[in-house]
Amino acid sequence: MTADGDTGTGDAVDTRSVGVAGHGSGDGHPADAERVARRDEAVRGAVEQGLLGPTAPLVGLLDVVGIRDSAAALRAAFDAVVPPGTPVLHAFAVKATPLVPVLRLLREAGIGAEVASPGELALARAAGVAPERIVLDSPAKTAAELRQALELGVAVNADSPQELGRLDELVRTVRTDSPLGIRVNPQTGAGAIQALSTATATSKFGVALRDEGAREWVVRACAERPWLTRLHAHSGSQGVPLSLMARGIAETYALAEEINRHLGRRQIDTIDIGGGLHVNFGSDVTTPTYAQYARLLAEAVPGLFDGRYGLVTEFGRSLLAKHGTLVARVEYAKSAGGRAVAVTHAGVQVAVRTVYAPASWPLRIAAYDAKGRPKEGPEVVQDVAGPACFAGDLLAEARALPLLEQGDHAAVLDTGAYYFAQHYAYNSLARPGVYGYAPGGDGGIRFAVVREPQSVQEIVAESGGARAGALTEL
């Protein structure tokens, strides 16, 4: 961690500084060391049980115990700062890991779902998440999507005046129990990654509060619509410091207070604070924590935690990232220009952000031998390359690791969020199988299939295989 790292005051970890990944590196909480030990057991178990090998050279592994622990930590963090009886919904951002068994696991751990498309809503419903524990956010909701949400009783945050106009029409004809609100953009500024910063002056999300007349419009819109009972803001993401996130929530709280004062009643009764807690990709230490963020918010916006407002959160990356690992077999080991190169089966198809924007999305690599055991030995500066047919398909460049040799395994750490979700079908490379793991009663490791590996036949079918003659017949 750099001098700009998290100090408990809400400053962001500098995600550009990625240390060499050891096995059990860092001086974090004992739970972090336990997580690393489970990961080591899982990699070895995947090799021994045939989930990872010559015919299955890439797998995704999810730590079930770790996911449960994260869900419990999130709930405990906010329970510690809100009065008993305060309505609080923690809704997992489905886009981070859109896998039905993961959503079911989180549902059982008391976590709902935040969805941003008909597909994500269908996944949440398939996982058994109750409609009253689902929140629909998207800047491009169709009229049909809005109608479905209202009919189900899913909460909806309108992203624009035009969308609110569609809701005006629908609430006159659809009987609904859906909580309805407006998403606002406090325009508090960008973090280190511009593309992920949602509270900039020109962000496409929400009603821009500092634009001329916008704040007055929100107050008037609520006055004219007694069924608008929520405000929503999402000011955080990877690279956004906690202090900036808190500022965006403070602005949203102040607007809720203004609306309620103007109306002379507590119409806005819930504030959706979004998610966006950043992840430390530099070591195995979990920082910042939910407890740190909740305490910071309670200090920065005390009125939000006095029991007058219900809360909704929408965390994604921070719940899952550290509990997922992509493990790739080293197919070949070679050298170029005097540098060792390990050619693996994990590249741009599973780590598109890292490959195309490595400065913003560096990942740690851990070396395992052919039997799935942590690899020892002197560190050698080497590249860890993927299988795609372009030169930039690198997971790590000039990284010091124990020398990866043919048949070894490169584990790509902290990939439980987004890296299982954003498959990029470059070279028609298959989606890997995903397996959950947990300690077994006999001291070993147990696995459960979360998603089957994609077959070649499925790739052909997705690519119009059943319509091979469609164009020649025109």
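This passage walks through the overall make-up of the chain, one enclosed strand and a few helix contacts. The model is predicted, so everything here is read off computed coordinates.

To start with the whole chain, the fold mixes 12 helices with 18 strands. Of the 474 residues, 54% come out as buried. Contacts across the sequence are also plentiful: among contacts with a separation of 6 or more, 70% link residues that sit 24 or more positions apart.

Strand 1, which covers residues 58-63, is a good place to look inside. Six of its six residues are buried, so strand 1 is largely enclosed by the rest of the structure. Its side chains split into two sets, with Leu 58, Gly 60 and Leu 62 pointing one way and Val 59, Leu 61 and Asp 63 pointing the other. Neither set is left in the open, as all of these residues are buried. That split fits the usual picture, since side chains in a regular strand alternate between the two faces of the sheet.

Strand 1 also has partners to pair with. Strand 11 (residues 324-336) runs antiparallel to strand 1, and five bridges join the two. Within that pairing, Leu 58 has Ala 328 of strand 11 as its bridge partner. Strand 17 (residues 433-439) pairs with strand 1 in the parallel sense, again over five bridges. Here Asp 63 is bridged to Tyr 437 of strand 17.

Turning to the helices, helix 4 (residues 118-126) packs with helix 5 (residues 143-152) at an angle of about 25 degrees, and their axes lie 11 Å apart. Angles under 35 degrees count as roughly parallel, and helix 4 and helix 5 are therefore roughly parallel to each other. The crossing of helix 4 past helix 5 is left-handed. On the helix 4 side, the contact is made by Pro 118, Leu 121 and Arg 125, which meet Glu 145, Gln 148 and Leu 152 of helix 5. Sorted by character, the residues of this contact are three nonpolar, one polar and two charged.

Helix 5 turns up again in the surroundings of helix 6 (residues 161-171). The buried residues of helix 6 are Glu 163, Leu 164, Leu 167, Asp 168 and Leu 170. Besides helix 5, these buried residues pack against helix 7 (214-224) and against three strands, namely strand 5 (155-158), strand 6 (180-185) and strand 8 (228-232).

Conventions
Residues numbered from 1 in each chain as written. Predicted model: local features only at pLDDT ≥ 70, side-chain atom pairs only at ≥ 80, totals over all residues. Heavy atoms only, no water. Axes fitted to C-alpha atoms, helices over the stretch in contact; angles between N-to-C directions. Helix = DSSP H or I, 4+ residues; strand = E, 2+ residues; numbered from the N terminus. Parallel < 35°, antiparallel > 145°, perpendicular 65-115°, else oblique. Left-handed = near helix turned anticlockwise from the far one by under 90°. Contact = heavy atoms within 4.5 Å. Nonpolar A, V, L, I, M, F, W, Y, C, P; charged D, E, K, R; others polar. Buried < 20%, exposed > 50% of the residue type's maximum accessible area, 1.4 Å probe, protein only. Pairing = 2+ DSSP bridges.
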